[in-house]
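Here are some notes to go with the model you're about to open. Take them in any order you like.

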Amino acid sequence: MKHTILVVEDEKGIRETVSIFLKNQGYEVIQAQNGEEGLQMVAQHEIHLAIVDIMMPVMDGITMTMQLRKNYDFPIIFLSAKSEDIDKITGLNLGADDYVTKPFEAMELIARVNSHIRRYEQILDLKKNAGKPVEQSHRLVVGGLELDQYSKEAFVNGNAIRLTAKEFQILELLMSYPGRVYSAEEIYEAVWKEDAINTETIMVHVRKLREKIEVNPRKPEYLKVVWGIGYKIEKVR
């Protein structure tokens, strides 16, 4: 299966350079020069991953991501300048999966794309089998929190919740060993499959997870912080 990557970037030189590298890796590439045009491309094509610049005219990358996450769960990688750290964190909170800071090495971006595509493909394959009988051993249950490892669905007290691929993988890791404390570095390396250089994205994803799985995110029942050490899923019966 040939995967399609959407590159949304207002600077033509960057957009075309990224597209050339992606095409050399065997990907189909669709280009857009702003978020509004990017949304139109998503509506017209089957997209497997989007690379989105934060600062763009007409519609910025954050607004585009907010619109996408209403209906789509494919991975989104932000391109951001160092001066856009606050926007970057905001974007991660709203559903982006990763970010690459400008200026960037092309092969670093390609490596991240390949990694996200592999995991997204696994999710798509598992969704195809969602209607088939699922053994109980593939369901992680902690109190009213439930994760189906076949269909990649999550439930809180029987109600389905929508998670991004990265949120699901982090929750799956923590729920596999309730009570075990994972450092931010351990979570990053287990989920992103690379050395942890900057783990601020873990804090952002954990905050977003709490908003989705906790009745009161300020007084979490499940996802706990062990100060100075890391995170865990509390053992709940």
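**Notes on the predicted model**

1. Let's begin with helix α7, which runs over residues 184-192 and holds Glu 186. Keep in mind throughout that this is a predicted model. Glu 186 has a relative accessibility of 36%, so it counts as partly exposed. Together with Glu 185, Glu 189 and Asp 195, Glu 186 makes up a negative surface patch.

2. Now for the charged pairs. How many salt bridges does the model have? The count comes to 14. One of them joins the side chains of Asp 53 and Lys 102, with N to O at 3.1 Å. Asp 53 belongs to strand β3 (residues 49-53) and Lys 102 to strand β5 (residues 98-102), so this pair ties together parts that sit 49 residues apart in sequence. Are these two partners buried or exposed? Both Asp 53 and Lys 102 are buried.

3. Next, have a look at Arg 139 and Asp 148. Their salt bridge brings the closest N and O atoms to 2.6 Å apart. The two ends differ in cover: Asp 148 counts as buried because its relative accessibility is 3%, under the 20% cut-off. Arg 139, at 24%, counts as partly exposed.

4. A further salt bridge pairs Lys 224 with Glu 234, and here the closest N and O atoms are 3.3 Å apart. The pair links distant parts of the chain, ten residues apart: Lys 224 is in strand β10 (residues 223-226), while Glu 234 is in the segment after β11 (230-233). Lys 224 has a relative accessible area of 22%, which makes it partly exposed. Glu 234 is partly exposed as well, at 24%. Elsewhere, Asp 98, Glu 108, Arg 112 and Glu 194 are joined into one network by salt bridges that share partners.

5. Helix α6 (residues 165-176) passes a simple length check. At 1.5 Å a residue, its twelve residues should span 16 Å, and the end C-alpha atoms are indeed 16 Å apart. How many of the residues in α6 are buried? Eleven of the twelve are, so the helix is mostly covered. Some of the buried residues are charged in name, and the list is worth a look in the viewer: among them are Lys 166, Glu 167 and Glu 172, along with Phe 168, Ile 170, Leu 171 and Met 175.

6. Back in strand β3, find Leu 49. Its relative accessible area is 0%, so Leu 49 is buried. Between Leu 49 and Gln 31 there are 12 Å, C-alpha to C-alpha, and the two are 18 residues apart in sequence.

7. Finally, some backbone points to check. Most residues other than glycine have a negative phi, and most peptide bonds are trans. Which bond is cis? The one joining Lys 102 and Pro 103, where omega is about -10°. Pro 103 lies in the loop between β5 and α5 (106-128).

8. Two residues that are not glycine deserve a look for their phi. Val 58, in the loop between β3 and α3 (61-68), has a positive phi of about 70°. At 63% relative accessibility, Val 58 counts as exposed. Asn 157 also has a positive phi, about 55°, and lies in the loop between β8 (153-156) and β9 (159-161). With a relative accessible area of 53%, Asn 157 is exposed too.

Note on methods. Residues are numbered from 1 along each chain as its sequence is written. This is a predicted model: local features need pLDDT of at least 70, side-chain atom pairs count only at pLDDT 80 or more; totals for chains, interfaces and linings use all residues. Side-chain values use heavy atoms; hydrogens and water are left out. Patches are made of residues with over 30% relative accessible area and no salt bridge: like charges are joined within 9 Å, nonpolar side chains (Val, Leu, Ile, Met, Phe, Trp, Tyr) within 5 Å. Accessible areas come from the Shrake-Rupley method with a 1.4 Å probe; for residues, only the protein chains shown count as cover. A salt bridge is a side-chain nitrogen of Lys or Arg within 4 Å of a carboxyl oxygen of Asp or Glu. Lys and Arg count as positive and Asp and Glu as negative; His and the chain ends are not counted. The place of a charge is taken as NZ of Lys, CZ of Arg, CG of Asp or CD of Glu. Helices (H or I, at least four residues) and strands (E, at least two) are DSSP runs, numbered from the N terminus. Buried means under 20% relative accessible area, exposed over 50%, partly exposed in between (1.4 Å probe, protein chains only). The expected span of a helix is 1.5 Å times one less than its number of residues.
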